[in-house]
Amino acid sequence: MIKKAFGIAGALVLLSASCPAMAQERVLNLYSARHYSTDEALYANFTKATGIKINRVDADDAGILARLKAEGAASPADVILLVDAVRLHKGEADGLFKPIKSQALEAAIPAQYRARPTAEGTTWFGFSTRARVVLYDKIKVKREDVDTYEELADPKNKGRICIRSGSHPYNLSLFGAVTEHLGEQKAEAWLKGVVANLARDPKGGDTDQIKAVGAGECQVAVSNTYYIARLLRSNNPEDKALMERVGVVFPNQATWGTHVNIAGGAVAKNAKNTAAAVRFLEYLASSEAQNHFANGNNEWPTARGVKVSNPALQGMSGGGDFKAETIPLAAIGANQVKVQQMLDRVGFK
Ligand code: FE
């Protein structure tokens, strides 16, 4: 018998493979780039409601995509959570996701925050948003000099700007958005202007840029909002002093709105438990899960009609809503080849 040759472990594999119904309903294999302790409650609630246990593999966005590629058809992954639109777009473009049709998801998640649908269905859905905003030294910089993305390229801000690597997905998404709003020619001139205004070569993450403003190394920084919310919620006296010193601007309120990115999910191309995977994504769009999902990392929910009460988020945006851009994130993904070429041409590291 073949079973013997595989030994006990092999026999177990064959056994579960021969009982697809059992394997299908009980366990969901999740590859997640989210590492927030509050997400634990989210998974526990899903298991409680459905009886489906979640097996989680943690890695970052790039690591998950590489792993899915390497595993191919043998991949045990059912559902994928990533934290950036460009990466979600890449997963789709590389054929790593299974298109699905879900009325619940289509009703809950605005078209702007999901992949472009095809005849087979939709691949990825965004479940929370984060804005990419500007911070400035309140003593040295006038707010009105940095309240649009366009001004980051203006000579008046020469030598002031700190930003992480141009090729980081958060910046690729922002640049893809700028390209969509301004057109390719103006976007490239803008990128050139931003490079000319840098205070130093890009290094570190978003929080490092904010801290560099505090340290006087630069006067303007670009960051995702949840990093700012973390600093605003921090009890560390240094963080408090830093957040006293810097102002936060949601750019382009008078024009196309502030750029927002998403964290989102998809069903894996070779998912064995597709029904459970879809159920999990639908659960993430529920009001309860949206609150956990968004608040876990100080983000805004995407599902229609869901509001969070998060003091750090409200404080940051001046107590109310801000105007977010309305272009589809799928368009930002589609601009990525152009963006990469522009970055090479302008020498944005
Ligand atoms: Fe991040």
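Hi everyone, let me start with burial: 53% of the 349 residues in this chain are buried. Before I go on, please keep in mind that this is a predicted model.

Let's look at the overall build. The chain has 16 helices and ten strands. Along the principal axes, its C-alpha atoms fill a box of roughly 75 × 40 × 40 Å. What about the radius of gyration? For 349 residues, a compact globule would come out near 20 Å, and the chain has 22 Å, which agrees. As for contacts between residues at least 6 apart in sequence, 77% of them join residues at least 24 apart.

Now the outside, for those of you thinking about solvent and charges. The accessible surface comes to about 15200 Å², and carbon and sulfur atoms account for 55% of that. On the charge side, there are 43 positive and 36 negative side chains. If you take the centre of each set, the two centres lie 3 Å apart.

On to the metal, which I expect some of you will want to parameterise. Which protein atoms are the donors of the iron ion? They are the OH atoms of three tyrosines: Tyr 170, Tyr 226 and Tyr 227, lying 2.0 to 2.1 Å from the ion. Along the chain, these donors follow the spacing Y-x55-Y-Y. And are Tyr 226 and Tyr 227 buried or exposed? Both Tyr 226 and Tyr 227 are buried.

Last stop, the backbone. As a reminder, most residues other than glycine have a negative phi. With that in mind, here are two asparagines to look at.

Asn 252 has a positive phi, near 60°. You'll find Asn 252 in the loop that runs between strand 8, residues 246–249, and strand 9, residues 260–268. With a relative accessible area of 1%, Asn 252 falls under the 20% cut-off, so it counts as buried.

Then there is Asn 298, where phi is also positive, at about 55°, although this residue is not a glycine. Its place is the loop between helix 13, residues 287–295, and strand 10, residues 300–301. How is Asn 298 classed, buried or exposed? Its relative accessible area is 6%, so Asn 298 is buried as well.

So, if you open the structure after the meeting, I'd suggest three places to click on: the iron ion with its tyrosine donors, the loop holding Asn 252, and the loop holding Asn 298. Thanks for listening, and I'm happy to take questions!

Key: Residues are numbered from 1 along each chain as its sequence is written. This is a predicted model: local features need pLDDT of at least 70, side-chain atom pairs count only at pLDDT 80 or more; totals for chains, interfaces and linings use all residues. Side-chain values use heavy atoms; hydrogens and water are left out. Donors are N, O and S atoms within 2.8 Å of the metal (3.2 Å for Na, K and Ca); water is not among the atoms, so sites may look incomplete. Buried means under 20% relative accessible area, exposed over 50%, partly exposed in between (1.4 Å probe, protein chains only). Helices (H or I, at least four residues) and strands (E, at least two) are DSSP runs, numbered from the N terminus. The radius of gyration is taken over C-alpha atoms; the globule rule is 2.2 Å times the number of residues to the power 0.38. Contact means heavy atoms within 4.5 Å. Accessible areas come from the Shrake-Rupley method with a 1.4 Å probe; for residues, only the protein chains shown count as cover. Lys and Arg count as positive and Asp and Glu as negative; His and the chain ends are not counted. The place of a charge is taken as NZ of Lys, CZ of Arg, CG of Asp or CD of Glu.
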